[in-house]
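Visitor: I have a model open and a few questions. Shall we go through them?

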Amino acid sequence: MWQIVGFLLVLWLVFVVLGFVIKSLFWLAIVGAVLFLGTAGYAWVKREALRR
């Protein structure tokens with residue numbers, strides 16, 4: 001009985017940690033994508049300004 005409860009507690013802890021990591025990485029990916037697009041847009045505007 002206690003082995004099953006212990007296994008379930010460890011399994012629950014793994015799910016909590018994985019959920020936190022995946023959620024954190026998801027938001028980090030969103031921030032990275034926004035910063036990448038912002039930098040690319042800034043470089044494109046600067047390139048167009050240098051052409052003129």
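Visitor: How many helices and strands does the secondary structure of the protein chain come to?
Guide: This is a predicted model. Helix H1 covers residues 2-51. The count for the protein chain is one helix and zero strands.

Visitor: Why is the protein chain described as more spread out than a compact globule?
Guide: The C-alpha trace spans about 75 × 10 × 5 Å along its principal axes. For 52 residues the globule rule gives 10 Å. The chain is well over that, so it counts as more spread out, with a radius of gyration of 22 Å.

Visitor: What percentage of the 52 residues counts as buried?
Guide: Buried requires under 20% relative accessible area. Leucine 18, in helix H1, has 46%, so it is partly exposed. Over the 52 residues of the chain, the buried share is 0%.

Visitor: How much accessible area does the nonpolar patch on the surface have together?
Guide: The accessible surface of the protein chain comes to about 5200 Å², and 82% of that belongs to carbon and sulfur atoms. The patch is formed by Ile4, Phe7, Leu8, Val10, Leu11, Val14, Phe15, Leu18 and Ile22. Together they have about 910 Å².

Visitor: A search of the whole structure finds one aromatic pair. Is the pair of phenylalanine 26 and tryptophan 27 stacked or edge-to-face?
Guide: The ring centres of phenylalanine 26 and tryptophan 27 are 5.5 Å apart. Planes over 60 degrees apart count as edge-to-face. Here the angle is 75 degrees, so the pair is edge-to-face.

Visitor: What is the relative accessible area of tryptophan 27?
Guide: Its partner phenylalanine 26 is partly exposed, at 48%. Tryptophan 27 is also partly exposed, and its value is 49%.

Note on methods
Residues are numbered from 1 along each chain as its sequence is written. This is a predicted model: local features need pLDDT of at least 70, side-chain atom pairs count only at pLDDT 80 or more; totals for chains, interfaces and linings use all residues. Side-chain values use heavy atoms; hydrogens and water are left out. Rings of Phe, Tyr and Trp (its six-membered ring) pair if their centres lie within 6.5 Å; planes under 30 degrees apart count as stacked, over 60 as edge-to-face and the rest as tilted. Buried means under 20% relative accessible area, exposed over 50%, partly exposed in between (1.4 Å probe, protein chains only). Helices (H or I, at least four residues) and strands (E, at least two) are DSSP runs, numbered from the N terminus. The radius of gyration is taken over C-alpha atoms; the globule rule is 2.2 Å times the number of residues to the power 0.38. Accessible areas come from the Shrake-Rupley method with a 1.4 Å probe; for residues, only the protein chains shown count as cover. Patches are made of residues with over 30% relative accessible area and no salt bridge: like charges are joined within 9 Å, nonpolar side chains (Val, Leu, Ile, Met, Phe, Trp, Tyr) within 5 Å. A salt bridge is a side-chain nitrogen of Lys or Arg within 4 Å of a carboxyl oxygen of Asp or Glu.
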